[in-house]
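The following paragraphs lead the reader through a structure, from its interior to its charged pairs and one of its pockets. Please keep the sequence and the model in view while reading.

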Amino acid sequence: MARHDDILPRLRDLAEGPPRRLPPERQLAADLGCSRQSLRAALAILETEGRIWRHVGQGTFTGPRPGPAPLRENLLIEAATPEALMHARLLLEPAIAGAAAERATPATCARLSALVGSGRSARDRQAAEAADEAFHAALADAAGNPVLIAVMRFLSRARRRVGWQQRWETAYRRAGVDAFTGLHSDQHAAVVMAVAAGNGTQAASAMREHLETIARMMEG
């Protein structure tokens, strides 16, 4: 059975890349072919190196330990599955779009229309995602509620995590760039049209249809 110094290189490799939660100790020890005692000794070394951090009852995470204030928020983001994130978006974002329609100004609509244009001109996944994220954030800004703005920022950070990114990239490759520059941009434009008309019910419905399209794409 492997000793703790034998598994250190593999654990250091696991600690590379975007921050994420490591598997439970029992599973990780089995994967590495070592005892849990050896695993804990190796993890202690990685923790002193600043490669991982641990929280009782929550698990072991790669990357530097976050500051004390956002700890709970970071744990929630790390634990969020793509399905949980999509469910939250379906609950919240139609209401945000409806609120934006109630407070829309010509400047708001011009900004949203410009972001729709950015989505149409995207040529790869990174550009498409950046335009999409900016559009949804701008809707929250248009709603004029600082709590909703904070919620959207939280959701945006969660979308950058590994689980969502892997699922999103698979959906992007399956659908192709045309789905994102065409269908998604058309749906964004429908939201803008409803916002510009001051129709909160229609804006919420258009946003729900858009998010349901994303959910179906990610489910394959």
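Which residues does F135 touch, not counting residues up to four places away in sequence? F135 touches L112, L115, V116, H188, V191, V192 and M207, where contact means heavy atoms within 4.5 Å. The model is a predicted one, in which local features need pLDDT of at least 70 and side-chain atom pairs count only at pLDDT 80 or more, while totals for chains, interfaces and linings use all residues. Residues are numbered from 1 along each chain as its sequence is written, and side-chain values use heavy atoms, with hydrogens and water left out.

F135 also belongs to the largest nonpolar core, which has 31 residues. A nonpolar core is a set of buried Ala, Val, Leu, Ile, Met, Phe, Trp, Tyr and Cys residues joined through side-chain atoms within 4.5 Å; buried means under 20% relative accessible area, exposed over 50%, and partly exposed in between, with a 1.4 Å probe and protein chains only. The members that touch the most other members are L112, F135, L139, F180, V191, V195 and M207. At least two residues of this core come from each of α5 (82–102), α6 (106–120), α7 (125–143), α9 (162–175), α10 (177–196) and α11 (200–219). The greatest contribution is that of α11, with 8 residues. Helices (H or I, at least four residues) and strands (E, at least two) are DSSP runs, numbered from the N terminus. A second, separate core of 14 residues includes L11, L22, C34 and L43. In soluble globular proteins, nonpolar side chains tend to be buried together.

A charged residue, E93, is found in helix α5, and E93 counts as buried at 3% relative accessibility. Leaving aside neighbours within four places in sequence, E93 is in contact with H136, M152, L155, M207 and L211. T81 lies in the loop between α4 (71–79) and α5 and is partly exposed, with a relative accessible area of 38%. The C-alpha atoms of T81 and A158 are separated by 9.2 Å, although the two residues are 77 apart along the chain.

The next topic is charge pairing. Side chains of opposite charge can pair when their charged atoms come close. A salt bridge is a side-chain nitrogen of Lys or Arg within 4 Å of a carboxyl oxygen of Asp or Glu, and by this rule the count comes to 9. E25 meets R36 in one salt bridge, at 3.7 Å from N to O. Because E25 lies in helix α2 (residues 25–32) and R36 in helix α3 (residues 36–48), this pair ties together parts that are 11 residues apart in sequence. E25 also forms a salt bridge with R40, with the closest N and O atoms 2.7 Å apart. R40 likewise lies in helix α3, so the pair ties together parts 15 residues apart in sequence. R36 is partly exposed at 33% relative accessibility, and R40 is partly exposed at 42%.

Another salt bridge joins R51 and E49, the closest N and O atoms being 2.6 Å apart. Salt bridges that share partners join R12, E16, E49 and R51 into one network.

E25 appears once more at the second largest pocket, where E25, R54, Q58, G59 and T60 are the closest to the centre among the 14 lining residues. Elements that give two or more residues to this lining are α2, β1 (52–55) and β2 (59–62).

Notes
On a 1 Å grid over the protein atoms alone, a cavity is a set of points where a 1.4 Å probe fits but cannot get out, and a pocket is an open set with protein on both sides within 12 Å along at least five of seven lines; lining residues have an atom within 4 Å of a point.
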